[in-house]
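Here is a short note for a first reading of this structure. Please keep the 3D view open and find each residue as it comes up.

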Amino acid sequence: QKHLLGIEPLHPEEIRTVLDLADQYVDFNRGSSKHADTLAGLTQINMFFENSTRTQASFELAGKRLGADVMNMAMQASSIKKGETLIDTALTLNAMHPDLLVVRHPHSGAVDLLAQKVNCAVLNAGDGRHEHPTQALLDALTIRRAKGQLHRLNIAICGDIAHSRVARSNILLLGKMENRIRLVGPPTLMPARIDEFGVEVYDDMREGLRDVDVVMMLRLQRERMDGGFIPSEREYYHRFGLDADKLSVAKPDAIVMHPGPMNRGVEIDGEIADDITRSVIQEQVEMGVAVRMAAMDLLARNLRAKLDEGRYA
Ligand code: CP
């Protein structure tokens, strides 16, 4: 692949390749020296048009640990504020010959559009409610390491599915790897055309979590709700917040996941989130750095091969 824009075009074998390399980067990151020259000589620009803690920090660390020259564009201070378009911004940066562009944007499809206008590799760091491919890959790596497999698992994705790019990328990835996926949440927060996803749908947590191996919680994404249905936090926690009682129907060794940022007492009880016998939330963050290193390493191999052949366009 030239870019990493989504999970949709990836084959299971390509997903396994990323995860296998990421496994090696987990060991590398736990070692005493965290510097390699894999991306030496390459320029990585991070463009985040939406807030981020985990994705932005881990892409920056990933690039620096692999020896790239990393620049974080301060989009709030850019000429976007003077009316410059996304495409003109991209063309301007493209003229500076970056090799890797990491882009987060509030509009679905914006990163794909940008990728058509530039000569370098583009990594989607989350676009609207469309895709967040590196999140799904890091979630897959976390599951594979915790459960020893990434197939034939019962996985519940719970909460605000309709507005979640994390849910969409995870449904695509976990489906490709032949897992059984349940979506659990209020019908008002389920996507339209849910039948196309090949999943089971529940509006009751105790039914949806029964005997699952993995419980993946999502926050209410109010920034994408367009003034539509917004449940009260108290009512939502009562019906859909993950607490010990609701978790008790899952398998005894079920793991609890959350992509972050987390709203304690809304979609998840703080004690469950902090219970290291069940929660792998901090492991997800750790896997995020390794997966982003692997993704950029693999794209850079492709990039260098084309540069060597003099046919990168
Ligand atoms: N999971 C995730 O994308 O977190 P950030 O918004 O902090 O990057």
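The points below go through annotated residues, helix packing, buried residues and backbone details.

1. Status of the model. This is a predicted model. Keep that in mind at every point below.

2. The annotated residues. Start with the record. An unreviewed UniProt entry carries the annotation "binding site". The annotation covers Arg54, Thr55, Arg104, His132, Gln135, Gly260 and Pro261. Two of these residues, His132 and Pro261, are taken up in the next points.

3. His132. Find the loop between β4 (121–127) and α5 (133–147); His132 is there. Is His132 buried or exposed? Its relative accessible area is 3%. The cut-off for buried is under 20%, so His132 counts as buried. Now look at what surrounds it. Leaving aside neighbours within four places in sequence, His132 is in contact with Thr55, Arg104, Ala125, Gly126, Arg165, Val166, Ser169 and Arg292. Thr55 and Arg104 also appear in the UniProt annotation.

4. Pro261. This residue sits in the loop between β9 (255–257) and α10 (270–274). Its relative accessible area is 39%, so Pro261 is partly exposed. Which residues does Pro261 contact, leaving aside neighbours within four places in sequence? They are Arg54, Arg219 and Glu267. Arg54 is also covered by the annotation. Check the backbone here too. The peptide bond joining Gly260 and Pro261 is cis, with omega about -5°. Both Gly260 and Pro261 belong to the annotated set.

5. Helices α5 and α6. Two packed helices are described by the angle between their axes and the distance between the axes. For α5 and helix α6 (residues 165–176), the angle is about 55° and the axes are 8 Å apart. The two helices are therefore oblique to each other. Their crossing is right-handed. From α5, the contact uses Pro133, Gln135, Ala136, Leu137, Asp139, Ala140 and Ile143. From α6, it uses Val166, Ser169, Asn170, Leu173 and Leu174. The residues of this contact divide into eight nonpolar, three polar and one charged.

6. Asn170. Look at this residue within helix α6. Its relative accessibility is 0%, so Asn170 counts as buried. Not counting residues up to four places away in sequence, Asn170 touches Ala136, Asp139, Ile157, Gly175 and Met216. Ala136 and Asp139 are among the α5 residues that meet α6.

7. Helices α1 and α5. Now turn to another partner of α5. Helix α1 (residues 12–30) packs with α5 at an angle of about 75°, and the axes are 10 Å apart. How are α1 and α5 oriented to each other? They are roughly perpendicular. The α1 side includes Ile15, Val18, Leu19 and Ala22, along with Arg16, Asp20 and Asp23. The α5 side consists of Leu137, Ala140, Leu141, Arg144 and Arg145. This contact divides into eight nonpolar, no polar and six charged residues. Leu137 and Ala140 of α5 also take part in the contact with α6.

8. Two buried leucines. Leu114 is in helix α4 (residues 110–115). At 0% relative accessibility, Leu114 counts as buried. Leu114 and Ala90 are 24 residues apart in sequence, yet their C-alpha atoms are 6.6 Å apart. Not counting residues up to four places away, Leu114 touches Met47, Leu86, Ile87, Ala90, Leu101, Val103 and Val122. Leu189 lies in the loop between β6 (180–184) and β7 (200–202). With a relative accessible area of 1%, Leu189 is buried. The C-alpha atoms of Leu189 and Ala167 are separated by 12 Å, and the two residues are 22 apart along the chain.

9. Positive phi values. Check two residues that are not glycine. His97 has a positive phi of about 60°. It lies in the loop between α3 (86–94) and β3 (100–105). His97 is exposed, with a relative accessible area of 64%. Asp211 has a positive phi near 65°. Its place is the loop between α7 (205–208) and β8 (214–217). Asp211 is partly exposed, at 44% relative accessible area.

Definitions and conventions
Residues are numbered from 1 along each chain as its sequence is written. This is a predicted model: local features need pLDDT of at least 70, side-chain atom pairs count only at pLDDT 80 or more; totals for chains, interfaces and linings use all residues. Side-chain values use heavy atoms; hydrogens and water are left out. UniProt positions are given in the numbering used here, feature names are shortened, and annotations may be inferred rather than shown by experiment. Helices (H or I, at least four residues) and strands (E, at least two) are DSSP runs, numbered from the N terminus. Buried means under 20% relative accessible area, exposed over 50%, partly exposed in between (1.4 Å probe, protein chains only). Contact means heavy atoms within 4.5 Å. Axes are lines fitted to C-alpha atoms, for helices over the stretch in contact, and angles run from 0 to 180 degrees between N-to-C directions. Angles under 35 degrees count as roughly parallel, over 145 as roughly antiparallel, 65 to 115 as roughly perpendicular and the rest as oblique. A crossing is left-handed if the near helix is turned anticlockwise from the far one by less than a right angle, and right-handed if clockwise. Ala, Val, Leu, Ile, Met, Phe, Trp, Tyr, Cys and Pro count as nonpolar, Asp, Glu, Lys and Arg as charged, and the others, Gly among them, as polar.
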